[in-house]
Amino acid sequence: MRYSAILAAALISAAVALPATAAETAQQTAMKTCAAHWKAMPAADQGKTKYQDYMGTCMKDGGKSASSMSSMSSASMSSSMKMAAPAGGGSAKCRDGTTVTYKKRQGTCSGHGGVATWM
């Protein structure tokens, strides 16, 4: 009887000491992927949308848009995620089909998978 009480106490203390190793859910993985992608985005691209709008759109497709923003059509993007067209500069067609204008080439189409063609 005494050994079983010691064994039970040892098992309880071991269970408390070990961290929970449950697998992440798909939603947790998607949230981490979307948040990491947001943090890696240039500040200029972050300024074109709100974090909450970006995360909502990213989470709706399970975090896939974070790794492949170019697969997202401009029609499915919220209005706050669309690239603003600055006055002057030139034009470029992005890999996702979006056409944008720019003042400087640096960062053009960075939220759309990169530049496909300079116009």
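**Exercise 1. Find which residues make up the largest nonpolar core of this predicted model, and which elements supply them.**

Start with the members. The largest nonpolar core has seven residues: Cys34, Ala35, Trp38, Met41, Tyr54, Met55 and Cys58. Next, look for the elements behind them. Two or more residues come from each of α2 (26-40) and α4 (51-60). Now pick out Met41: once you skip its neighbours within four places in sequence, Met41 touches Gln46 and Tyr54. Finally, look elsewhere. Another core, of six residues, lies apart from this one, and Ala92, Cys94, Tyr102 and Cys109 are among its members.

**Exercise 2. Work out what the disulfide between Cys34 and Cys58 links, and which hand it has.**

First check the sulfur atoms: they sit 1.9 Å apart, within the 2.5 Å cut-off for a disulfide. Then place the two ends. Cys34 is in helix α2 and Cys58 in helix α4, 24 residues apart, so the bond links distant parts of the chain. For the hand, use the torsion about the S-S bond: it is about -85°, so this disulfide is left-handed. Last, ask about cover: Cys34 and Cys58 are both buried.

**Exercise 3. Do the same for Cys94 and Cys109.**

The sulfur atoms of Cys94 and Cys109 are 1.9 Å apart, and the two form a disulfide. Where do the ends lie? Cys94 is in strand β1 (residues 90-94), while Cys109 is in the loop between β2 (99-102) and β3 (115-118), so the pair ties together parts 15 residues apart in sequence. The torsion here is about -75°, so this one is left-handed. Now for burial, which needs a relative accessible area under 20%. Cys94 has 2% and is buried; Cys109, at 0%, is buried as well. To round off, the count is two disulfides, and with the bonded cysteines numbered in sequence order the pairing reads 1-2, 3-4.

**Exercise 4. Lay out the whole chain and decide where to read it with care.**

Count the elements: there are five helices and three strands. Walking from the N terminus, you meet them as α-α-α-α-α-β-β-β. Of the 119 residues, 27% are buried. The accessible surface is about 8000 Å², with carbon and sulfur atoms holding 60% of it.

Now turn to confidence. The average pLDDT is 74, and 71% of the residues score at least 70. Over residues 68-86, though, the pLDDT is below 50, even though this stretch has 41 contacts in the model beyond near neighbours in sequence. Where pLDDT is low, the predicted coordinates shouldn't be read in detail.

Note on methods. Residues are numbered from 1 along each chain as its sequence is written. This is a predicted model: local features need pLDDT of at least 70, side-chain atom pairs count only at pLDDT 80 or more; totals for chains, interfaces and linings use all residues. Side-chain values use heavy atoms; hydrogens and water are left out. Helices (H or I, at least four residues) and strands (E, at least two) are DSSP runs, numbered from the N terminus. Buried means under 20% relative accessible area, exposed over 50%, partly exposed in between (1.4 Å probe, protein chains only). Accessible areas come from the Shrake-Rupley method with a 1.4 Å probe; for residues, only the protein chains shown count as cover. A nonpolar core is a set of buried Ala, Val, Leu, Ile, Met, Phe, Trp, Tyr and Cys residues joined through side-chain atoms within 4.5 Å. Contact means heavy atoms within 4.5 Å. pLDDT is the predictor's confidence in each residue, from 0 to 100.
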